[in-house]
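Please look through the model below before reading on. The points that follow are meant to be checked against it, one at a time.

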Amino acid sequence: MDFPKFVSVGMGADARRIAYRQVAGRGPAVVWLGGFKSDMKGTKAEALSAWAQREGRAFLRFDYSGHGESEGDFEQGTISRWAEEAVAMIGLAGPRPILVGSSMGGWISLLAARRLAEAPAGMVLIAPAPDFTEALMWPAFSEEVRAIIMTEGRWVRPSAYDEGGYPITRALIEDGRRNLVLGGLVETGCPVHILQGMEDPDVPWRHAMLLAEKIARDDVVVTLIKDGDHRLSRPEDLERLEAAVVAIGT
């Protein structure tokens with residue numbers, strides 16, 4: 001059995017045990033940052049882990065609190081909380097890692113990079129969703145849904161990926177507003193490669209292009225996959241992902 005390791009993040013009553021898996025190898029290490037309500041056993045994370053083992057590359061993946069094998073209640077999660085966990089986990093990976101962020105993980109990667117002592121060696125962002133709570137979710141909600149979130153503190157959003165739906169909390173929305181990155185220049189300090197499906201129903205490809213425009217001082221490559229969906233987990237998508245990680249780290 002492939003059992004995870006755990007590290008504690010946060011202080012006192014706010015401490016939570018975060019699950020992670022690590023592959024030893026040469027650097028720069030590749031760090032996987034998953035999406036909203038996803039976990040480190042997803043197709044892309046598993047594919048990168050297998051690639052790292054084949055190629056002798058260092059690799060680290062983890063679950064945010066309330067996700068996968070980590071402790072915590074999902075509904076207590078916020079962008080700030082998950083970014084704090086990401087920074088702690090990136091610290092285990094060694095100097096100047098490559099951050100691979102999927103969907104919400106793209107937003108978390110951008111926030112984490114601001115807090116690192118040294119810029120990452122590079123970033124590969126898959127259907128990146130910076131500011132998604134405010135730019136993508138909130139405008140799509142009806143006035144009735146917004147009222148439920150603000151007065152009751154939560155609303156369960158139907159999801160094609162989870163039959164139980166995703167709880168959207170007032171805390172998530174309000175904290176998201178404190179972490180917006182697209183209002184000005186986005187500075188990563190490293191080269192960035194964005195992989196984006198044009199048939200993505202969750203994160204429109206124009207959102208990825210907006211991010212590319214905001215990254216004005218760093219090298220950015222955008223690969224638009226005409227028939228690609230949000231997950232980008234087909235064999236050909238995984239090949240693109242591996243190639244992007246190799247290219248960004250050379």
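1. Two strands count as paired if DSSP finds at least two bridges between them. With that in mind, note that this model is predicted. Strand S5 (residues 98–102) and strand S6 (residues 122–126) are parallel and share five bridges. Across this pair, Ile98 stands opposite Gly122 in S6.

2. The wider setting is an open sheet of eight strands with mixed pairing, in the order S1-S2-S4-S3-S5-S6-S9-S10. S1 (5–9) and S10 (220–225) are the edge strands; each has a single partner strand, so one side of each has no neighbour in the sheet. From one strand to the next, the twist averages 20°.

3. Next, the neighbours of S9. S6 pairs with S9 in the parallel sense over four bridges, and the bridge partner of Val124 in S9 is His193. S9 and S10 also run parallel, joined by six bridges. Here Ile194 has Val222 in S10 as its bridge partner.

4. Is S9 covered or open on its two faces? Both faces are covered: Val192, Ile194 and Gln196 are buried on one side, and His193, Leu195 and Gly197 are buried on the other. Six of the six residues of S9 are therefore buried, meaning under 20% relative accessible area.

5. Two helices deserve a look. Helix H2 (residues 79–90) lies across S1, S2, S3, S4 and S5, at about 40° to S2. Helix H7 (residues 205–214) packs on the sheet and touches S6, S9 and S10, with its direction at about 165° to that of S9. S9, H7 and S10 form a right-handed β-α-β unit.

Conventions
Residues numbered from 1 in each chain as written. Predicted model: local features only at pLDDT ≥ 70, side-chain atom pairs only at ≥ 80, totals over all residues. Heavy atoms only, no water. Axes fitted to C-alpha atoms, helices over the stretch in contact; angles between N-to-C directions. Contact = heavy atoms within 4.5 Å. Buried < 20%, exposed > 50% of the residue type's maximum accessible area, 1.4 Å probe, protein only. Right-handed = clockwise from strand over helix to strand, strands pointing away.
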